[in-house]
Amino acid sequence: VGVKILKQEFEVETDRLENIYKVFQQNTGFTNAVASGNTANIETAWNGAKEHEGDFFLVTDKSGNVIWKSENCTLAAHDVSSALNGGITKGIVSDNNIALSLQYIAPVNAGGSPVGACIIGMNLAETQYLDAVKNQSDTEVTVFADNVRYSTTVIQSDGTRAVGTTMSDAVKKVVLDNQSTYIGQADILGQNHFVEYAPMYDINGKLVGAYFAGSSSAEADAAFTGVIAISSILALVIIIGSAVVLFIIIQRLISNPITEVSALSESMSNGILDVPDFTTKFADNEIGSFAMQLQDTKHILDSYIQDISRILIAMSDGDFSEKPQVQYAGNFVTIRDS
């Protein structure tokens, strides 16, 4: 997103330079000054029209000879041939003295024909437009001249802008050597960044540098650490909760049933059969089946003892007519016969 906004900002600045040209072209005093070579009036017109410190201006006569230029216009070369023929060119220009600039090159017309040409430019070493892009995109942005930071919002540890530092060899290979966009992570002055580099071309389609936008991963790393911490806490809560639930399940399904079965077995081993039935609702499993069988055994043995006691009490009263009233099974059949 930052690179896209940076490119859009270049278009905005180019439109701004065009608007300055339109004001000049409508100013007959300016066009007459160019036609007559009156540099004082040209300078006065420029001082009233320029908007940024990085803006520069160059004016030629109809032969292409420079008749006036602003002090900050240090271009080593200029090409106004198209403008002298009535054409307009605009875009990025790379020069030996001003490595990167935006230029609007157009004719100065008087009486319907060119009397000269002008270059209205903006040195891309200026940082005002970059700071505006940074505020808008919330990313660090840089304009590279070849592989060197020509203008940037990246700040070094000493508080100065990181102008003059270079892109890594790995990024240079992708962006400048292969002329491709690089999107990924890169170390910027010792800090990991999520970055995008895109090739930059001049007014003639020649590769002259790169656009850069990047966001420090510090916030993302902190957010990731927070997510890990929260995830760990949630995992711990889930584990503890699961353990509690598992404990309750084990308590209900295993521990409590075993405790009741053990208590009944101990009572039966001590000859006590008139204990209450189980209060636990057993599951339909091996433990539940065993518990029910043990409880049924208690009922059978208790019924045998109750029946035997009834007959023996009658016999002790001299009544030998009582007969068994329960169905004895297995080895207990002998008791019934006796």
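A pocket, here, is an open set of points on a 1 Å grid over the protein atoms alone, with protein on both sides within 12 Å along at least five of seven lines, and its lining residues have an atom within 4 Å of a point. Grid points are joined across faces, edges and corners, and a volume is the space filled by probe spheres set on the points. By that recipe the largest pocket comes out at about 350 Å³.

This is a predicted model, so local features need pLDDT of at least 70 and side-chain atom pairs count only at pLDDT 80 or more, while totals for chains, interfaces and linings use all residues. Residues are numbered from 1 along each chain as its sequence is written, and side-chain values use heavy atoms, with hydrogens and water left out.

**The largest pocket**
- Of its 18 lining residues, His 78, Asp 79, Val 93, Ile 203 and Asn 204 are the closest to the centre.
- Helix 4 (81–84), strand 3 (89–93) and strand 4 (101–110) are the elements that give two or more residues to the lining; helices (H or I, at least four residues) and strands (E, at least two) are DSSP runs, numbered from the N terminus.
- Strand 3 gives the most to this lining, with three residues.

**Sheet 2-1-5-4-3**
- That same strand 3 belongs to an open sheet of five strands in the order 2-1-5-4-3, with antiparallel pairing; two strands pair if DSSP finds at least two bridges between them.
- Strand 2 (66–69) and strand 3 are the edge strands, and each pairs on one side only.
- Ignoring direction, neighbouring strands here are turned by 20 degrees against each other on average; axes are lines fitted to C-alpha atoms, for helices over the stretch in contact, and angles run from 0 to 180 degrees between N-to-C directions.
- Five bridges link strand 3 and strand 4 in the antiparallel sense, and Thr 89 sits opposite Ile 105 in strand 4.
- Helix 2 (residues 28–36) packs on this sheet, touching strand 1 (55–61), strand 2, strand 4 and strand 5 (113–123), and its direction makes about 85 degrees with that of strand 4; contact means heavy atoms within 4.5 Å.

**Sheet 7-6-10-9-8**
- Another five strands form an open sheet, ordered 7-6-10-9-8, with antiparallel pairing.
- Strand 7 (148–152) and strand 8 (182–188) each have a single partner strand, so one side of each is left without a neighbour in the sheet.
- The twist averages 35 degrees from one strand to the next.
- Strand 8 and strand 9 (residues 191–201) run antiparallel and are joined by seven bridges, with Ile 183 opposite Glu 196 in strand 9.
- Helix 5 (residues 128–137) lies across strand 6 (140–145) and strand 7, at about 140 degrees to strand 6.

**Nonpolar cores**
- A nonpolar core is a set of buried Ala, Val, Leu, Ile, Met, Phe, Trp, Tyr and Cys residues joined through side-chain atoms within 4.5 Å; buried means under 20% relative accessible area, exposed over 50%, partly exposed in between (1.4 Å probe, protein chains only).
- The largest core has 52 residues, of which Phe 10, Phe 24, Phe 57, Leu 100 and Ile 120 touch the most other members.
- Helix 1 (residues 2–26) gives the most to this core, with eight residues.
- A second, separate core of 13 residues includes Phe 144, Val 154, Val 175 and Ala 186.

**Positive phi in loops**
- Gln 179, in the loop between helix 6 (169–177) and strand 8, has a phi near 50 degrees.
- Leu 189, in the loop between strand 8 and strand 9, has a phi near 55 degrees.

Methods
1 Å grid on protein atoms, 1.4 Å probe; cavity = no way out; pocket = protein on both sides within 12 Å on 5 of 7 lines; lining within 4 Å.
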